[in-house]
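Let's take a walk through this protein together, from single residues out to the whole chain. Please keep the sequence and the 3D view at hand as you read.

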Amino acid sequence: MVHRQRHTGGAGAAGAAGAADTAGGARDARGARGAGGAVVAVVGAVAFGLMAVTSGCSPSGAVADGSGPGDPADAVRGSADSLVRAGSSKASTSMEMASGGTRVTIRGKGVYDFARQVGRFQVVLPQDPAGADEHRPITELMAAGALYMKNRGAGVPSDKWVRIETRSLSDGNLVTGGATDPLAAAELLRGARKVGFVGEERVGGVDVRHYRGVVDLRAAARAASAGQRGALRVAAAKGFSKGSVPFDVYLDDEGRVRKLRQRFAVSDANVASTTLLYGFGVPAKVRLPAEKDIYAGKIAGP
């Protein structure tokens, strides 16, 4: 049962805005080097070249002082551990991108094994503005240190997977794949700062506590688990201009993330990533591709 907490108004967390490196041309599927080039190659493929970089916006609204049982910052920072204890869950993701007068939403759905740090998602791309036919869903396998993509398009055989090292991506695969890795998103919260309790709500029929704050990326990278630390260090160093990520997170009575919305800052666009977790404990059978099934050719840039 969620305990009631007294709360008063306060200032919302400040957002971040900035710029990231970009580069064009072909990239080797397993040896992509240069964080900016990898982001362009992969995000360009996922978002069909509509945009290659993203930026964030600030949360708004009152934030409470967090008075009541427990410390808000401790609850938020420990949520990744609560997910690992839960073992697995179903997940739905959405990534809303806006640049100028163009806006797209990329959606994903799948399962995630938090203990093994692997997940499987079907990512659905919207119809492109030129009116082309809808794109085939991309199958994505998320693993500690790697992202695998099938139906990648642009010269990749339909029976082959593209493997991308997440350390080669300037954002640590927080936005590149079009679906934020749920564990990486939760690991970011280890660097939560200026956390306030907003109030009690319901998400998916479950009582939750809503918290708001800002992530310090460098602090998150230092506190991250071994499997996520390398990618988050890259994101802290290169991916986001001011080193901070505003967030809203909704935790259930066991401290598990039920909903997480994060706003990232990378250039002249806006991106908001939302992750919903439910069905905890479901079987999450994720089998990574064999070496022979991984594409070894070039990946065309957008």
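## Ala-179 and its surroundings

Ala-179 counts as buried, with a relative accessibility of 0%, in a model that is predicted. You will find Ala-179 in the loop that runs between β7 (161-165) and α4. Setting aside neighbours within four places in sequence, Ala-179 is in contact with Thr-93, Met-95, Val-123, Glu-140, Met-142 and Asn-173. Of these partners, take Glu-140: 39 residues separate it from Ala-179 along the chain, while the two C-alpha atoms are 8.7 Å apart.

## The overall picture

The protein has 302 residues, and buried residues make up 56% of them. Its secondary structure consists of 6 helices and 13 strands. Among contacts with a separation of 6 or more, 68% join residues that are 24 or more positions apart.

A word on confidence is useful here. The mean pLDDT of the protein is 75, with 68% of the residues reaching 70 or more. Over residues 1-68 the pLDDT is below 50, and this stretch has 210 contacts in the model beyond near neighbours in sequence.

## Two nonpolar cores

In soluble globular proteins, nonpolar side chains tend to be buried together. Here, the largest nonpolar core has 47 residues, and those with the most contacts inside it are Val-76, Leu-188, Leu-189, Phe-247, Val-249 and Val-257. Helix α4 (residues 182-188) gives the most to this core, contributing 5 residues. Another core lies apart from it, with 8 residues that include Leu-141, Ala-143, Val-286 and Ile-294.

Which residues does Val-257 touch? Not counting residues up to four places away in sequence, they are Ser-79, Leu-83, Leu-189, Val-249, Tyr-250, Leu-251, Leu-277 and Phe-280.

Val-286, from the core of 8 residues, is placed in the loop between β12 and β13 (298-299). It counts as buried at 6% relative accessibility. Val-286 and Leu-141 are 145 residues apart in sequence, yet their C-alpha atoms are 7.7 Å apart in space. Leaving aside neighbours within four places in sequence, Val-286 contacts Arg-116, Val-118, Gly-119, Arg-120 and Leu-141.

## Helix α3 and its buried face

In helix α3 (residues 79-86), the buried residues are Ser-79, Ala-80, Ser-82 and Leu-83. Seen down the axis of α3, the buried residues fall within an arc of 155 degrees, so they line one face of the helix. They pack against α2 (72-77), α4, β10 (244-251), β11 (257-264) and β12 (270-278).

After α3 comes Gly-87, which has a positive phi, near 90 degrees. Ser-88 then belongs to strand β2 (residues 88-99). Ser-88 is buried, at 8% relative accessibility. Apart from neighbours within four places in sequence, Ser-88 is in contact with Tyr-112, Asp-113, Phe-114, Gly-279, Phe-280, Gly-281, Val-282 and Ala-284.

## Aromatic rings

The structure holds 2 aromatic pairs. One of them joins Tyr-112 and Phe-114: the pair is tilted, with 5.0 Å from centre to centre and 40 degrees between the planes. Are Tyr-112 and Phe-114 buried or exposed? Both are buried, and both are among the contacts of Ser-88.

Phe-280 has a charged partner: the charged end of Arg-256 sits over the ring of Phe-280, 4.2 Å from the ring centre. Phe-280 is also one of the residues that Val-257 touches.

## Positive phi outside glycine

Two residues deserve a look for their backbone. Gln-117 is not a glycine, although its phi is positive, at about 60 degrees. Gln-117 is placed in the loop between β3 (102-113) and β4 (118-124), and is buried with a relative accessible area of 14%.

Lys-194 is not a glycine either, and has a positive phi of about 50 degrees. Lys-194 is found in strand β8 (residues 192-203). With a relative accessible area of 71%, Lys-194 is exposed, whereas Gln-117 is buried.

Note on methods:
Residues numbered from 1 in each chain as written. Predicted model: local features only at pLDDT ≥ 70, side-chain atom pairs only at ≥ 80, totals over all residues. Heavy atoms only, no water. Core = buried A, V, L, I, M, F, W, Y, C linked by side-chain atoms within 4.5 Å. Buried < 20%, exposed > 50% of the residue type's maximum accessible area, 1.4 Å probe, protein only. Helix = DSSP H or I, 4+ residues; strand = E, 2+ residues; numbered from the N terminus. Contact = heavy atoms within 4.5 Å. Phe/Tyr/Trp six-rings, centres within 6.5 Å; stacked < 30°, edge-to-face > 60°. Lys NZ or Arg CZ within 6 Å of the ring centre and 35° of its normal. Arc of directions from axis to C-beta. pLDDT = per-residue confidence, 0-100.
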